[in-house]
Amino acid sequence: MQTLQAQLSSLDAQLTSAQGVLSDLKAQKKQNRDAIAAQIATVKGLQDKLGSVQDQIKAIDGTIALGGCAAS
């Protein structure tokens, strides 16, 4: 569980940074469409990874709620 929480924090920080880069790219007067497309793909990939970790945490939380044991 601690490993998943660490992954969650790391992915959240990476996603926030990637979204900032994307905003900066979109704000430029002369936009580079290829760079924007690549950054959108990066953001989407990080969102998918973050969602996967969140799903794993929910599954473990559900197991604990039912009286199971979570392996760290």
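Q: How much surface does the protein expose, and what share do carbon and sulfur atoms supply?
A: Start with the total, then ask which atoms make it up. This is a predicted model. The protein exposes about 5200 Å². Carbon and sulfur atoms supply 53% of that area.

Q: What share of the residues is buried?
A: Count residues, not area. Buried residues make up 19% of the 72 residues in the protein.

Q: How many helices and strands are there?
A: Read the secondary structure before the contacts. The protein has 2 helices and 0 strands. Helix H1 covers residues 2–27. Helix H2 covers residues 33–65.

Q: What span does H1 reach, and what span is expected?
A: Compare the end-to-end distance with the ideal rise. H1 has 26 residues and reaches 38 Å from its first C-alpha to its last. That is close to the 38 Å expected at 1.5 Å a residue.

Q: Which residues of H1 are buried?
A: Look along the helix for residues under the burial cut-off. In H1 these are Leu4, Leu11, Leu15, Ala18, Leu22 and Leu25.

Q: How many residues are in the largest nonpolar core, and which touch the most other members?
A: In soluble globular proteins, nonpolar side chains tend to be buried together. Here the largest nonpolar core has 13 residues. Leu11, Leu15, Val43, Leu46, Val53 and Ile57 touch the most other members. H1 and H2 each supply at least two residues of this core.

Q: What does Val43 touch beyond four places in sequence?
A: Set the sequence neighbours aside, then list what remains. Val43 touches Leu15, Ala18, Gln19 and Leu22.

Q: Is Ala18 buried or exposed, and which residues is Ala18 in contact with beyond four places in sequence?
A: Take accessibility and partners together. Ala18 has a relative accessible area of 7%, so Ala18 is buried. Its contacts, with neighbours within four places left aside, are Gln39, Thr42, Val43 and Leu46. Ala18 itself sits in helix H1. For a C-alpha distance, take Ala18 and Lys44: 26 residues apart in sequence, 9.7 Å apart in space.

Q: What share of the contacts between residues at least 6 apart joins residues at least 24 apart?
A: Sort the contacts by sequence separation. Among contacts between residues at least 6 apart, 68% join residues at least 24 apart.

Q: Why is Gln39 classed as buried?
A: Check the number, not the residue type. Gln39 is buried because its relative accessible area is 15%, and the limit is under 20%. Gln39 lies in helix H2. Leaving aside neighbours within four places, Gln39 is in contact with Ala18, Val21, Leu22 and Leu25.

Q: Where is Gln31 found, and what does its side chain reach?
A: For a loop residue, check place, cover and partners. Gln31 is in the loop between H1 and H2. Its relative accessible area is 43%, so Gln31 is partly exposed. Beyond four places in sequence, Gln31 is in contact with Leu25, Lys26 and Ile36. The Gln31 side chain reaches the backbone oxygen of Lys26 at 2.4 Å.

Q: How many salt bridges does a search of the whole structure find, and which side chains meet?
A: Search for charged pairs, then place them on the fold. The whole structure yields 1 salt bridge. The side chains of Asp48 and Lys44 meet at 2.9 Å, N to O. Both residues lie in helix H2, 4 residues apart, about one turn of the helix. Asp48 is partly exposed at 42% relative accessibility. Lys44 is partly exposed at 46%.

Definitions and conventions. Residues numbered from 1 in each chain as written. Predicted model: local features only at pLDDT ≥ 70, side-chain atom pairs only at ≥ 80, totals over all residues. Heavy atoms only, no water. Buried < 20%, exposed > 50% of the residue type's maximum accessible area, 1.4 Å probe, protein only. Contact = heavy atoms within 4.5 Å. Areas by Shrake-Rupley, 256 points an atom, 1.4 Å probe, with all protein chains shown as cover. Core = buried A, V, L, I, M, F, W, Y, C linked by side-chain atoms within 4.5 Å. Salt bridge = Lys/Arg side-chain N within 4 Å of Asp/Glu carboxyl O. Expected span 1.5 Å × (residues − 1). Polar contact = N/O pair within 3.5 Å; in protein donor to acceptor, adjacent residues only side chain to side chain.
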